[in-house]
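I set aside some time to go through one structure and write down what I looked up. The entries are short and follow the order in which I worked.

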Amino acid sequence: MSHRLIACDHCDYLHVEEEIPTGHVARCARCGSPLYQSQNNSIERSLAFAFAALVLFVLANSFPILQFSMEGRSETNTLSSGMITFWNEGFAFLAFMVGLTSIAAPLLLILAYIYVLLPLRFGFSFPAIRKVWRVLAVVRPWSMLDVFLIGLLVALTKLSDFADVIAGPAFYAVCILIPTTLLMSAQLDPREVWRKLAPKGLKYPTTDDIAAEQDEPRWATCEVCAYVLTGDAAHQPHAKCPCCGSVVHHRKPRSLSHAWAFLISAAVFYIPANVFPIMSVTMLGSTEADTILSGVSALIDAGEWPIAMVVFCASIVVPVFKLVVLAWVYTAAGMGVAGPLRQRTRIYRITELIGRWSMIDVFMVSILAALVKLGNIATVVPGFGAVAFCAVVILTMLSAMAFDPRLIWDRAILKMQQGTPS
Ligand SMILES: [Zn+2]
Ligand SMILES: [Zn+2]
């Protein structure tokens, strides 16, 4: 055990790495956020799941997901059909987002795991291995196959009321692929990967380096590999991480203004997202426009309560909750409001985790529009509401990513130290 320093990425509290039992998670002593977890043979296990995931991904993309039959005619769709339909209908932004989140990002994630872990396991090297592992941190939040599956189930529920729908082989492949990719990530101890990828002889700072500092001790943590920079490097605005080569900032530059800009844009898009239809459905000659809210009430009318609740939470509760909570967290961080900082950090963490689930409705529209193409008998066409809604989800995700949660603590602690009531 290296007894290296680990700074919490949510509140910047400094810890010394300690041995913990296998399968346990070490949490921050101040804010309770997870710091690291311990896994046995983590590289081998994760690599095995990565290979299984690759096979399942190929199967999921090679066969139909659903087969839809009505009035003697039938259509099938594959994983990429939604993206192609959006593109053909002139919705380039939706085509890009659905392609990124349901195909490109999951595939890149699986390939990056194999590309990096295979040489680490068998002791050889591939070119730019550290860069690939760095890019992975950017790609990870955009892999949303689990959300896609729920969108698929909602589409299935909507269709089964008036047509025959059969799940194809790809449906089952996606169902197994999701837990496999989750295990691929969960079984890996990233510290082990970076210990092996770090340049030979790299020195990890210890508490002695912090104690040796003359003035107020300061440290900066690499967001990619968690290496803690001390001394002069921690004071530089664009220091380079000696472990992974990323640029390290003491705090994310202009974090609050970027986070606010994304959040305000999301709030603006929230209005057309609810006013305009997300899709129009033609059924036996008559056409009806569906907004997000009317989609939920149609599910309730059909007696599909569990699915209606899932869509209501993902499409209405989560976006409003995110907009309100993030605005409150940013205001409190900007003003240095004291109070329950631990709870505020936890709420920010939960908000960051649940935001992606709002993509359910976008995936549902992509599946229905690709599958229901039987002319006057039954046709689903995407609407502008889906574009605006997708923009809300993406902008709130970008806002939460731009925000540096350590700001929740910085000014509040400074004010407490100065004894200023807030
Ligand atoms: Zn913390
Ligand atoms: Zn680094």
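**Cysteines**

I began with Cys 313, which is partly exposed, with a relative accessible area of 36%. This is a predicted model, so I keep in mind that every value below is computed from a prediction.

I then asked which cysteine sulfur is nearest to Cys 313. The sulfur of Cys 390 is the nearest, at 20 Å, and Cys 313 is in no disulfide. The cut-off for a disulfide is two cysteine sulfur atoms within 2.5 Å, so a distance of 20 Å does not qualify. For the structure as a whole I noted zero disulfides.

I also looked up Cys 31: is this residue buried or exposed? Cys 31 is buried, with a relative accessible area of 1%. Buried means under 20%, so the value of 1% falls in that class.

**The hairpin of S3 and S4**

I moved on to strand S3 (residues 25–27) and strand S4 (residues 34–37), which run antiparallel and are joined by three bridges. Arg 27 has Pro 34 of S4 opposite. Six residues lie between the two strands of this hairpin. Gly 32 takes a positive phi there, near 85°.

**Ser 62**

I located Ser 62 in helix H1, which covers residues 42–62. Ser 62 is partly exposed, and I wrote down a relative accessible area of 46%. The side chain of Ser 62 reaches the backbone oxygen of Val 58 at 2.4 Å. I also checked Ser 62 against Thr 78: they are 16 residues apart along the chain, and 7.6 Å separates their C-alpha atoms.

**The sheet S6-S5-S7**

Next I looked at an open sheet of three strands, ordered S6-S5-S7, with antiparallel pairing. Strand S6 (73–77) and strand S7 (164–167) are its edge strands, and each pairs on one side only. On average, neighbouring strands here are turned by 15° against each other, direction ignored. S5 (residues 66–70) pairs with S6 in the antiparallel sense over five bridges. In that pairing Leu 66 stands opposite Asn 77 of S6. Helix H14 packs on this sheet and touches S5 and S6, and its direction makes about 135° with that of S6.

**The sheet S13-S12-S14**

I found another open sheet of three strands, in the order S13-S12-S14 and with antiparallel pairing. What is left without a neighbour at the edges? Strand S13 (286–290) and strand S14 (378–382) each have a single partner strand, so one side of each has no neighbour in the sheet. Neighbouring strands of this sheet are turned by 15° against each other on average, direction ignored.

Five bridges join S12 (residues 279–283) to S13, and the two run antiparallel. Val 281 has Glu 288 of S13 opposite. Helix H14 (residues 360–371) packs on this sheet too, touching S12 and S14. The direction of H14 makes about 140° with that of S14.

**Stretches listed in UniProt**

Last, I read the UniProt record, an unreviewed entry. It lists several stretches as "transmembrane region", among them residues 132–154 and 259–285. I looked up both in the model. Over residues 132–154 the chain is 78% helix and 0% strand, with the end C-alpha atoms 35 Å apart. Over residues 259–285 the chain is 63% helix and 19% strand, and the end C-alpha atoms lie 46 Å apart.

Key
Residues numbered from 1 in each chain as written. Chains lettered and ligands numbered in written order. Predicted model: local features only at pLDDT ≥ 70, side-chain atom pairs only at ≥ 80, totals over all residues. Heavy atoms only, no water. Helix = DSSP H or I, 4+ residues; strand = E, 2+ residues; numbered from the N terminus. Buried < 20%, exposed > 50% of the residue type's maximum accessible area, 1.4 Å probe, protein only. Polar contact = N/O pair within 3.5 Å; in protein donor to acceptor, adjacent residues only side chain to side chain. Pairing = 2+ DSSP bridges. Axes fitted to C-alpha atoms, helices over the stretch in contact; angles between N-to-C directions. Contact = heavy atoms within 4.5 Å. UniProt positions renumbered as here; feature names shortened; annotations may be inferred.
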